[in-house]
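Student: Hey, I've just opened this one and don't know where to begin. Can you walk me through it?

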Amino acid sequence: MAGRPRVLIVLASGLLLAVTGCTPNEPKPEPDVIVNLLQEDWQHTPGVTPAGDGLQIGATGRRIVEQDGGGGQPNPPMNLVGTHLVVEGDFSFSASFRDVTADASWTIYDSPPVIADEFRIEPAGLRLTLQGDDLEIAVFDGSPQPVVTDPQPAHDEHVTVQDPEAEISVRRSAQTLEIASGGATLTSLPLGGVFRSGKLWLGLFSDGGTFQVSSLTATAPEGMQLNIGEPAVTQTERSTDGLQAMAARIRPDFKIGAAVALGPLASDADYARELVGNFGAVTPENAMKPQFLSPQQGVYTFEEADAILAIAESKGMAVHGHTIAFTEAMPRWMQELPTSSEPERRASAQALLDYVTTVVKHFKGRLASVDVVNEPFDVDQGTSFQQNIWYRVFGPGYPAVVSKAVHDVDPDVKQFVNENGADVPGRRQDALLKLALNTNALGGHIYGVGLQAHIYDLQTDAISAEHLEVTLNRFEDAGLHVRISENDVSDDEGLDAQAEQYATVLATCLRSPACVSYTTWGVDDRYNWWIDDGGRRQQGHDFLFDGGQPKPAYHAMKRALGG
C-alpha cells in the first residue's frame, strides 16, 4: 500500500445551490474534506493486506503474556507508522465491512497504546466490534485502570444492526459521540471529549476470523482541518553533540544505543528527537520477541519490527536483535509444545528450529548483532537453567543448538548470550562465562555476552568501576566481547546518585576494548511503567530523559564522554 498516492477528495457541498440558481456572487460554503483511508499506507500493520480496492483483515492472535508465561492480554494491531490523522475540532468516519467470518473490529484512538514487557496500557478512544448483527461499542477514557492487564471501558454497550454490511459511521461533534449504521443512529454519547490530542490512530483486526474492508473514509466538516500525519521520527536528525557523536570521537566503532518502541517513535516528537539525536544503535524492546513475531504457530507478524528496522536504517543506526530463545515473552503455542516422549520432542524441535530459521532469514543482513539466548538462568539469581521449552526439547546444550541454527542462516550476525545479575564477579558471572565457552565448544558461534546492568536498587545492585573492570578483563581474557545491554538506574537515592552510576558504567565500558557497545533500556520516563503487586500501574524514573527534558544522568554521561 505504500506506493499508492495519498488522496484528499474535496466535496463541493454548495454544488446543489449553484445548479438551482444561486447567484455567482453569493458566498459558497467551505468544502468538506474527505480522506480515503483505503488508499493510504497500511503495510506495517499486522494482519492487514491489500485486497483489490479494499483491505483484507486476518486474525493475528497477538497477546502479551505475563512473566510466568500466564495470562495473555490482547494486543490488537494499530497502524502506527503508516497513516494517522491530524484533526482540528469535529470529525466523522465511515466504514463498510463484508465477508465477516467471525468478528470485525475497528479502533479509533487518541494515541497509540503503551506496550511494556508484560502489559499494554489502553489509550483513550473507541472500539467497535461487529459479530453477526451485534455491534459492541466500547469507549475508553484513558484513565488509570484498576487492573492494567484487564482494561475496562468507560462505556460499553451492544446494539443490533439491521444490515451488517451497511456503512457504519462515527461522528464526533464537540462533546458528543454518535454511532450510526445505514444512516440510522444507534447511540449518542456525551463522550466526544476522549479525543483531545488532535490526532487519530486507527486499527483494524479480528479475534478469530477474516473480513474485508470495502470502504473507509474520514471527513472534517466545513471550516475544520483534517490532514494526514507523518511519524514523529520522520523529521528528526542526528545531533553533532549527542551521545553517539561524542563517543565516536573517542572510539569510532563504539555504539551507544537504546531500547525502543514503535508507538512513541511514531507519535512523540520529544521521544523521537531524544533517540535519533543521541543514539547510534537501537534494540527493539519488545517487537522482536517471540510472542510479537509469531503469535500463532506458522503465523508471522514482522510488520512492526520491520518498521523499527526501516527507521533505524533511514537514520544510519545499527540494530541489535532481541531475542531468539527466551523463557518469557513466548506465545502460547511455543510454551505448550509437547515433550513427553521422544517423537514429541523431535516434532517440537522441528517447530522451534523452523521458527529460528524463519526469523533469522527474514532479518538477515539487517542486524549487527542478536541475542541468541536471553536470560538462561533462574530468576532468583541462581546458576541453574530455567526449565523452558528450549531446555525441555534440546536439553542443557540448547544454546549451542540455537547458535548453530542462527549461524547456518546468517553467519555474519554477531551472537550474544544476554543475562542479568552477572555484571559483577560472582557465581552468576561464573555460570555465564562457562555457558558461553561451553556453547562454542559444542560448535556454537557466541561472539560475546550481554551484561544487562539493571540497577533496581543502588543499595544492592550498584556496579563499581573496579568490579566492572575486573569483569570486562575476565571476558576479554576468555576471548569474548561484552555489551552493556540494558542499563537503567533507579532514582530512589536521588538524581545525583543515579547520574553517577550511569556515568560510571558508560565510562568503564568505553575504556575497555572488550566492551563493544553500551545500551540503555529506554529513552524517556514518559514510557517507564511497571505493575505493582495490586495490579496497578506505577511510573518509573530510571531513564535519561523525563517528559522531553534531559536529566542529570544525561549530562553526567556527556561529561563521561569528554563533554
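Tutor: Sure, and let's start with a word we'll need: a residue is buried when its relative accessible area is under 20%, exposed when that is over 50%, and partly exposed in between. Keep in mind that this is a predicted model.

Student: Okay, what share of the residues in the chain is buried?

Tutor: Buried residues make up 55% of the 563 in the chain.

Student: And how many helices and strands are there?

Tutor: The chain has 14 helices and 33 strands.

Student: What radius of gyration does the chain have, and what would a compact globule have?

Tutor: The chain comes out at 26 Å. For 563 residues a compact globule would be near 24 Å, so the two agree. Along the principal axes, the C-alpha atoms fill a box of roughly 90 × 60 × 45 Å.

Student: What about contacts, how many join residues at least 24 apart?

Tutor: Counting contacts between residues at least 6 apart in sequence, 74% join residues at least 24 apart.

Student: Switching to charge: how many positive and negative side chains are there?

Tutor: There are 40 positive and 75 negative side chains. The centres of those two sets lie 6 Å apart.

Student: Can we zoom in on a strand? How many residues of β2 are buried?

Tutor: Four of the five residues in β2, which spans 32-36, are buried, so this strand is mostly covered.

Student: Which strand does β2 pair with, and in what sense?

Tutor: β2 pairs with β19, residues 210-220, in the antiparallel sense over four bridges. In that pairing, N36 stands opposite T217 of β19.

Student: Now for oddities. Where is there a cis peptide bond?

Tutor: Look between H322 and T323, where omega is about 10 degrees. T323 sits in strand β23, residues 318-326. As background, most peptide bonds are trans, and most residues other than glycine have a negative phi.

Student: So which residue has a positive phi without being a glycine?

Tutor: D99 is one of them, with phi near 55 degrees. You'll find D99 in the loop between β8 (91-98) and β9 (104-109). E375 also has a positive phi, about 50 degrees, and is not a glycine. That residue lies in the loop between β24 (369-374) and α9 (389-394).

Student: Why does E375 count as buried?

Tutor: Because its relative accessibility is 13%, and the cut-off for buried is under 20%.

Student: And why is D99 called partly exposed?

Tutor: D99 has 47% relative accessibility, so it counts as partly exposed.

Key: Residues are numbered from 1 along each chain as its sequence is written. This is a predicted model: local features need pLDDT of at least 70, side-chain atom pairs count only at pLDDT 80 or more; totals for chains, interfaces and linings use all residues. Side-chain values use heavy atoms; hydrogens and water are left out. Helices (H or I, at least four residues) and strands (E, at least two) are DSSP runs, numbered from the N terminus. The radius of gyration is taken over C-alpha atoms; the globule rule is 2.2 Å times the number of residues to the power 0.38. Buried means under 20% relative accessible area, exposed over 50%, partly exposed in between (1.4 Å probe, protein chains only). Contact means heavy atoms within 4.5 Å. Lys and Arg count as positive and Asp and Glu as negative; His and the chain ends are not counted. The place of a charge is taken as NZ of Lys, CZ of Arg, CG of Asp or CD of Glu. Two strands pair if DSSP finds at least two bridges between them.
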